[in-house]
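Subject: A structure for you to look at

Hi there,

Here is the structure I promised to pass on. Have a look at it first, and then read on for what turned up in it.

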Amino acid sequence: MNPEIENLLNGLVGKLSDKAQLEEVREKLFKHGVESLPRAEMTAHLGHEKGAVSPTGNVRNGHSQKTLKTAMGKQRINVPRDRQGSFEPVTAPKHGTMAKELQDCILPLYAKGMGNADIVDFVERTYSVEYSTSQVSVITNSLLSEIAQWRQRPLEDVYPIVWMDAVRYKIRREGKVVSKACMVTLGVDLSGQQDIL
């Protein structure tokens, strides 16, 4: 760690008297960090620093407030705007309320078979962020479209090696537990690359 930053942190921590103050400082540092990313994106988008003459005529135009749901809970941040309305921040997307880290958490849980209600419970217990099952459905539907695209992808003409296997599992159907098999086909192409077919 940079010694100058370490000295600043030591000085700051030395002035804190209790856990509540530490939480407040942590929240403010997080907010400052999250807000600095869209500001940097805006500078890159406009091609000039704040206060400089714009070659395109597009300049900063204040900010709008947005509530992000993050692993640290809900966070109200300021997102910069531009005069022409062409700025699309990546770190705090328009019309989005969730940090990417939570989306990246939800999709694998869904892919591993957790139901939407179970995902809502898990996210609330782990991150203290409340979602509805319909909000989780919107996120998991994006995964379904990716799966549909993957299923439509073109396959190789030749797979010299092909393995077929089944994963057996039990499900409840019409009040009875029945055994089912999920077939998996793995192919190895001419370059040695494995692919689930």
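Glu174 is a good residue to click on first: with a relative accessibility of 78%, Glu174 counts as exposed. Please keep in mind as you look that this is a predicted model. Glu174 sits in the loop between E3 and E4. Its phi angle is positive, about 55°, although Glu174 is not a glycine. That loop belongs to the hairpin of E3 and E4, which has 2 residues between the strands.

From there you can follow the two strands themselves. E3 and strand E4, which covers residues 176-188, pair in the antiparallel sense over 13 bridges. Two pairs of facing residues will help you find your way: Arg173 stands opposite Lys176 in E4, and Val162 stands opposite Gly187 in E4.

E4 has a second partner. E4 and E5 also pair in the antiparallel sense, over 3 bridges. Here Val188 stands opposite Gln194 in E5. These two strands form a hairpin with 5 residues between them, and Gly192 in the turn has a positive phi of about 90°.

Now for the whole chain. How many helices and strands does the protein chain have? There are 5 helices and 5 strands. Read along the sequence, they come in the pattern α-α-β-β-α-α-α-β-β-β. The protein chain has 197 residues, and 23% of them count as buried. Among contacts with a separation of 6 or more, 47% are between residues 24 or more positions apart. The exposed area of the protein chain is about 14100 Å², with carbon and sulfur atoms supplying 54% of it.

Next, the inside. In soluble globular proteins, nonpolar side chains tend to be buried together. Which residues make up the largest nonpolar core here? There are 6 of them: Ile106, Leu109, Ile119, Val120, Val123 and Val136. Helix H3 (100-111) and helix H4 (116-127) each supply at least two residues of this core. H4 gives the largest share, with 3 residues.

Nonpolar residues turn up on the surface too. Leu155, Val162, Met164, Met183 and Leu197 make a nonpolar surface patch of about 490 Å². You have already met Val162, the residue that stands opposite Gly187. Leu197, another member of the patch, is found in the segment after E5. Its relative accessible area is 34%, so Leu197 is partly exposed.

Charged residues come next. Side chains of opposite charge can pair when their charged atoms come close. A search of the whole structure finds 1 salt bridge. In that salt bridge the side chains of Asp195 and Arg153 meet, at 3.2 Å from N to O. Why does this pair tie together parts that are 42 residues apart in sequence? Asp195 lies in strand E5 (residues 194-196), whereas Arg153 lies in the loop between helix H5 (133-151) and strand E3 (161-173), so the pair links those two parts. Asp195 has a relative accessibility of 22%, so Asp195 counts as partly exposed.

Two more residues are worth a click. One is Ser86, in the loop between strand E2 (73-82) and H3. Is Ser86 buried or partly exposed? At 35% relative accessibility, Ser86 counts as partly exposed. Leaving out residues up to four places away in sequence, Ser86 touches His45 and Asn58. Ser86 and His45 are 41 residues apart along the chain, and their C-alpha atoms are separated by 8.8 Å.

The other is Gln21, which is found in helix H2 (residues 19-46). Gln21 has 31% relative accessibility and counts as partly exposed. Apart from its neighbours within four places in sequence, Gln21 is in contact with Lys15 and Leu16.

If you would like a route through the model, begin at Glu174 in the loop between E3 and E4, go on to the antiparallel pairing of E4 and E5, and then look for the salt bridge of Asp195 and Arg153. After that, turn to the core that includes Ile106 and Val136.

Enjoy exploring, and write back with any questions!

Best wishes

Definitions and conventions: Residues are numbered from 1 along each chain as its sequence is written. This is a predicted model: local features need pLDDT of at least 70, side-chain atom pairs count only at pLDDT 80 or more; totals for chains, interfaces and linings use all residues. Side-chain values use heavy atoms; hydrogens and water are left out. A nonpolar core is a set of buried Ala, Val, Leu, Ile, Met, Phe, Trp, Tyr and Cys residues joined through side-chain atoms within 4.5 Å. Buried means under 20% relative accessible area, exposed over 50%, partly exposed in between (1.4 Å probe, protein chains only). Helices (H or I, at least four residues) and strands (E, at least two) are DSSP runs, numbered from the N terminus. A salt bridge is a side-chain nitrogen of Lys or Arg within 4 Å of a carboxyl oxygen of Asp or Glu. Contact means heavy atoms within 4.5 Å. Accessible areas come from the Shrake-Rupley method with a 1.4 Å probe; for residues, only the protein chains shown count as cover. Patches are made of residues with over 30% relative accessible area and no salt bridge: like charges are joined within 9 Å, nonpolar side chains (Val, Leu, Ile, Met, Phe, Trp, Tyr) within 5 Å. Two strands pair if DSSP finds at least two bridges between them.
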